[in-house]
Amino acid sequence: MDTKGPTPPNLELLLDVRVKLTIELGSCQMPLRDVLQMGPGSVVKLDQAAQHPVILYANQKQIARGEVVIVNDCYGVKITELFGSVP
């Protein structure tokens with residue numbers, strides 16, 4: 001976490017609280033019949049183009065937008081926009 005000075009004492013208590021981060025690549029709707037026929041190798045086409053930004057959620061709250069990147073053979077997200085941040 002980048003800070004511009006010492007952390008206020010009341011905030012220090014929260015810095016080690018774990019939150020669930022979720023990345024939304026896209027979504028789709030399909031008939032249950034098609035879902036039940038899915039198996040290994042099935043492809044689900046999402047409603048979002050590959051070059052569009054992904055959404056980052058912390059505990060189901062939208063907090064940022066970013067780009068998918070690959071780091072050491074793992075997926076990652078490069079944050080491009082934070083929501084609700086102070087300039």
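Which residue is the bridge partner of V68 in strand 4? The partner is V77. This is a predicted model, and the report looks at its strands and then its surface.

**The strands**

Strand 3 covers residues 61-71. Strand 2 covers residues 54-58 and runs antiparallel to strand 3. Five bridges join these two strands. One pairing involves I55, whose bridge partner in strand 3 is R65.

Strand 3 also pairs with strand 4, residues 74-82. These two run antiparallel as well, and eight bridges join them.

Each pair forms a hairpin. The table sets them side by side.

| Hairpin | Bridges | Residues between the strands | Residue with positive phi |
|---|---|---|---|
| Strand 2 and strand 3 | five bridges | two residues | N59, near 50 degrees |
| Strand 3 and strand 4 | eight bridges | two residues | N72, near 50 degrees |

In a regular strand, side chains alternate between the two faces of the sheet.

**The nonpolar patch**

Now for the surface. A nonpolar patch there includes I23, L25, M30, L32, V35, L36 and M38. V44, L46, V68, I70 and Y75 belong to the patch too. Together the patch residues have about 1200 Å² of accessible area.

Which elements give two or more residues to the patch? They are helix 2, residues 32-36, and strand 3. Helix 2 gives the most, with three residues.

M38 sits in the loop between helix 2 and strand 2. Is M38 buried or partly exposed? M38 is partly exposed, because its relative accessible area is 38%, and partly exposed means between 20% and 50%.

V68 links the two parts of this report: V68 is a bridge partner of V77 and a member of the nonpolar patch.

Conventions
Residues are numbered from 1 along each chain as its sequence is written. This is a predicted model: local features need pLDDT of at least 70, side-chain atom pairs count only at pLDDT 80 or more; totals for chains, interfaces and linings use all residues. Side-chain values use heavy atoms; hydrogens and water are left out. Two strands pair if DSSP finds at least two bridges between them. Helices (H or I, at least four residues) and strands (E, at least two) are DSSP runs, numbered from the N terminus. Patches are made of residues with over 30% relative accessible area and no salt bridge: like charges are joined within 9 Å, nonpolar side chains (Val, Leu, Ile, Met, Phe, Trp, Tyr) within 5 Å. Accessible areas come from the Shrake-Rupley method with a 1.4 Å probe; for residues, only the protein chains shown count as cover. A salt bridge is a side-chain nitrogen of Lys or Arg within 4 Å of a carboxyl oxygen of Asp or Glu. Buried means under 20% relative accessible area, exposed over 50%, partly exposed in between (1.4 Å probe, protein chains only).
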